[in-house]
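Colleague: Could you take a close look at one part of this model for me? I'd like to hear about a single core valine and what surrounds it.

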Number of protein chains: 2
Amino acid sequence: MMRPPAEIGIPLEEVESPALILDLDTFERNLKRLADAGRRLGVRLRPHAKTHKCPVIARRQMALGAVGVCCQTVGEAEAMVFGGIDDVLVTNEVVDRVKVNRLVSLAKQARVAVCADDAGNAEALNAAAAAFGARLDVLVEVNVGANRCGVEPGRPALVLAEAIAALPNLNFAGLQAYHGAAQHIRDFTERRSAALSAAKKAGATKALIEGAGLPCERVTGAGTGTYRFEPESGVYDEIQAGSYVFMDADYGHNLDEGGGAVSEFEQSLHILATVVSRPDRARCIVNAGLKALSVDSGMPVVDGDEGARYVGASDEHGKIEFAESRRGFDPGERVRLVPGHCDPTVNLHDWIVGYRGNHVEALWPVAARGAF
Amino acid sequence: MMRPPAEIGIPLEEVESPALILDLDTFERNLKRLADAGRRLGVRLRPHAKTHKCPVIARRQMALGAVGVCCQTVGEAEAMVFGGIDDVLVTNEVVDRVKVNRLVSLAKQARVAVCADDAGNAEALNAAAAAFGARLDVLVEVNVGANRCGVEPGRPALVLAEAIAALPNLNFAGLQAYHGAAQHIRDFTERRSAALSAAKKAGATKALIEGAGLPCERVTGAGTGTYRFEPESGVYDEIQAGSYVFMDADYGHNLDEGGGAVSEFEQSLHILATVVSRPDRARCIVNAGLKALSVDSGMPVVDGDEGARYVGASDEHGKIEFAESRRGFDPGERVRLVPGHCDPTVNLHDWIVGYRGNHVEALWPVAARGAF
């Protein structure tokens with residue numbers, strides 16, 4: 001692990017760049033808003049830890065009432081359990097032989113659940129659980145619209161649920177019904193409609209399974225873009241929002257009922273960068289490129305400055321162009337960038353530098369950075 | 001740092017995925033080919049370590065005659081010096097106060113040079129060097145066509161070179177003249193022409209500086225896409241190719257004289273992935289997404305299988321679609337992916353798994369992973 005880019009107590013302008021910086025006041029407001037919304041909506045929260053990969057943040061979420069966290073890999077789940085979280089759902093299929101063993105070992109140390117969409121995989125999970133004397137909760141992942149992993153809703157899900165329930169070391173633990181693509185539908189009504197369509201498929205599948213005499217103890221899913229909608233259906237027991245803690249430029253493009261940008265969560269995370277070159281009046285180069293931020297969902301945005309546009313990233317350089325009316329930034333000036341996509345951006349850093357006002361208050365290790 | 005995804009001696013099929021795997025025979029051929037070309041072309045090699053971030057590989061390059069390595073960040077330079085490399089050029093501007101101090105400290109432990117394109121930055125470097133009792137080699141970065149960092153060729157470069165030479169703790173050490181954008185011009189003639197245009201600008205600037213009585217001890221630049229061309233000019237003393245050790249899908253699109261794909265270097269690096277889901281006949285999902293590979297320069301390519309296309313990446317998932325005629329891959333099957341862009345992909349991993357034939361022979365730490 002790399003050295004931290006800051007010391008506790010120093011002013012923000014002395015933080016080494018590039019660095020991931022977190023406005024703790026804003027971050028805490030985001031945490032509280034989702035916790036309040038969960039209570040209002042009558043659903044449990046199981047925030048997704050793939051966003052922050054940081055057990056310190058996961059424990060904050062638990063302290064505000066979350067029942068556990070979601071992870072996307074076994075390595076993340078290990079980091080969370082070893083960091084003090086006792087209830088983890090791996091919202092993914094685990095197939096590699098060594099990873100199946102790691103998962104089953106972890107299930108002897110904490111409450112661990114995993115998803116499956118294939119009977120052969122369920123048998124492999126059962127064999128490993130038997131070998132370790134463990135019992136593993138397994139949810140059937142249902143394709144509710146994302147067309148990624150998952151069996152089709154209805155009968156295929158029932159068949160797999162029955163197969164899992166018949167295996168002695170597995171417990172059929174419900175349905176994973178997450179519609180990833182729906183999170184970023186910009187229009188409010190269309191986004192709600194996609195979420196409710198997913199909920200309808202999940203609900204019909206749950207009814208079919210329970211009608212066949214198999215208890216379906218939970219339906220889990222939803223994200224930062226849709227968590228307000230799935231609970232309307234009465235089908236979802238848990239919501240899995242992750243990005244709400246930090247937000248990013250991509251989520252910032254989602255629209256609310258009135259057609260304005262969504263505002264329920266605020267941007268708490270930035271990449272702090274330094275201008276390293278000012279070759280001419282129209283552009284400058286900052287020291288945050290592809291190895292400090294992810295451009296998969298678009299370029300980062302210069303915070304609070306519409307006259308400056310981050311237009312291109314190479315390995316260690318970011319190019320910012322200025323509107324003609326602007327004076328631009330000179331070498332040594334600091335720039336705050338809103339990441340295009342927070343999850344893969346956080347995964348490029350070893351430390352989250354938490355600040356309050358203008359001073360560094362916390363240095364949190366991204367313990368599951370690179371944890372497959 | 002994460003645990004390695006393999007043990008020495010195991011067969012490749014037992015390596016945990018996703019993992020960076022390196023075919024050592026192919027890798028060694030690539031190393032030797034550039035070393036041979038350098039001798040044939042009469043230029044020194046200073047390979048770019050930003051590609052591999054691995055001192056083990058840097059020492060292999062030195063053993064074949066490289067005079068040192070290039071780095072893009074101070075953190076990379078530290079990892080290289082502490083890993084046994086005694087000559088490092090930081091091909092970038094270093095501006096952050098703490099990073100300037102780290103650079104100057106390093107210059108007391110090894111031969112370290114850095115680039116500058118601003119007189120104020122040169123003064124800051126000089127002040128730090130004076131405070132530590134160090135002398136620092138500084139190259140003037142010249143914009144030879146990339147329009148990123150760098151002063152303009154000719155007089156602006158001379159003015160900065162003279163300013164550097166006048167500072168007591170700095171040594172004006174030559175010109176950094178790298179044309180990044182030229183590396184990926186597909187057409188052979190156009191690529192050569194861009195490289196020679198860069199060389200012409202560098203040559204004229206060198207002549208101007210030497211005409212003013214200032215020795216210009218080296219001109220350094222070039223990359224995997226253009227290293228054959230710059231030496232034609234007689235201007236370049238050093239070439240900085242980096243990607244040639246691994247190659248990637250983006251470089252694989254460059255064309256040679258005959259219009260075929262370039263073939264002087266071979267793909268030695270892959271991402272080993274496992275199929276975790278096969279929801280239908282037309283597609284499968286692998287466990288290598290945005291956190292295992294970088295998509296900034298396009299999607300990865302399924303190695304040796306034109307009927308299978310990697311079409312989309314989310315955090316931990318990659319979607320592969322099959323041509324109708326193909327049987328596709330089933331859960332548990334392994335897939336080798338050619339990364340779209342090798343440098344930021346390597347930076348997502350803690351280990352390079354080296355194999356020969358079908359067995360793991362080496363586990364090399366990516367020591368400068370995340371090193372800003």
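Modeller: Sure. Keep in mind that this is a predicted model. Let's start with B:V90. Skipping its neighbours within four places in sequence, B:V90 is in contact with B:C71, B:V74, B:A77, B:L103, B:A113, B:V114 and B:C115. One of those contacts, B:C71, is also the bridge partner of B:V90 in β4(B). The strands behind that pair, β3(B) and β4(B), run parallel and are joined by three bridges.

Step back a little and you see the sheet they belong to: eight strands of chain B, open, paired in parallel, in the order β2-β9-β8-β7-β6-β5-β4-β3. At its edges stand β2 (44–45) and β3 (69–71) of chain B, and each has a single partner strand, so one side of each has no neighbour in the sheet.

Now for the core. The largest nonpolar core holds 250 residues, and B:V90 is among the members that touch the most others, along with A:V90, A:V138, A:V353, B:V138 and B:V353. Domain 1 (24–253) and domain 2 (269–365) of chain B both contribute residues, so this core lies between them. As background, nonpolar side chains in soluble globular proteins tend to be buried together.

Helix α6 (residues 155–165) of chain B is worth a look too. Its buried residues are B:A157, B:L158, B:L160, B:A161, B:A163 and B:I164. What do they pack against? The buried residues of α6(B) pack against three strands, β5 (111–116), β6 (136–141) and β7 (170–176), and two helices, α5 (119–132) and α7 (188–211), of chain B. On α7 of chain B you'll find B:K200, which is partly exposed, because 14 other C-beta atoms lie within 10 Å. B:K200 and B:V235 sit 35 residues apart in sequence, with 8.1 Å between their C-alpha atoms.

Follow chain B past β17 (359–365) and you come to B:V366 in the segment after that strand. Is B:V366 buried or exposed? With 24 other C-beta atoms within 10 Å, B:V366 is buried. Leaving out residues up to four places away in sequence, B:V366 touches B:K53, B:C54, B:V346, B:H349, B:D350, B:W351 and B:I352. Take B:H349 from that list: B:V366 and B:H349 are 17 residues apart in sequence and 7.0 Å apart in space, C-alpha to C-alpha.

β4(B) turns up again where the chains meet. Between the chains, 52 residues of chain B are in contact with 52 residues of chain A. On the chain B side, the elements that give two or more residues are β4 (87–93), α4 (97–107), α5, β10 (269–280) and α8 (342–346). β10(B) has the largest share of that side, with four residues. By type, the chain B side divides into 18 nonpolar, 19 polar and 15 charged residues.

As for how the copies relate, a turn of 180° with a shift of 0.0 Å along the axis lays chain B on chain A with an RMSD of 0.0 Å. The two copies are thus related as by a two-fold rotation axis. Both copies use the same surface, and 100% of the contact residues of chain B recur in chain A.

Last, a stop in chain A, at β15 (residues 334–338). Strand β10 (residues 269–280) of chain A pairs with β15(A) in the antiparallel sense over four bridges, and A:L272 stands opposite A:R336. Strand β12 (residues 301–302) of chain A also runs antiparallel to β15(A), joined by two bridges, with A:V301 opposite A:V338.

Terms used. Residues numbered from 1 in each chain as written. Chains lettered and ligands numbered in written order. Predicted model: local features only at pLDDT ≥ 70, side-chain atom pairs only at ≥ 80, totals over all residues. Core = buried A, V, L, I, M, F, W, Y, C linked by C-beta atoms within 7 Å. Buried ≥ 20, exposed ≤ 12 C-beta atoms within 10 Å, placed from the backbone. Domains from an automatic or database assignment. Contact = placed C-beta atoms within 7 Å. Pairing = 2+ DSSP bridges. Nonpolar A, V, L, I, M, F, W, Y, C, P; charged D, E, K, R; others polar. Least-squares fit on C-alpha atoms with pLDDT ≥ 70 in both.
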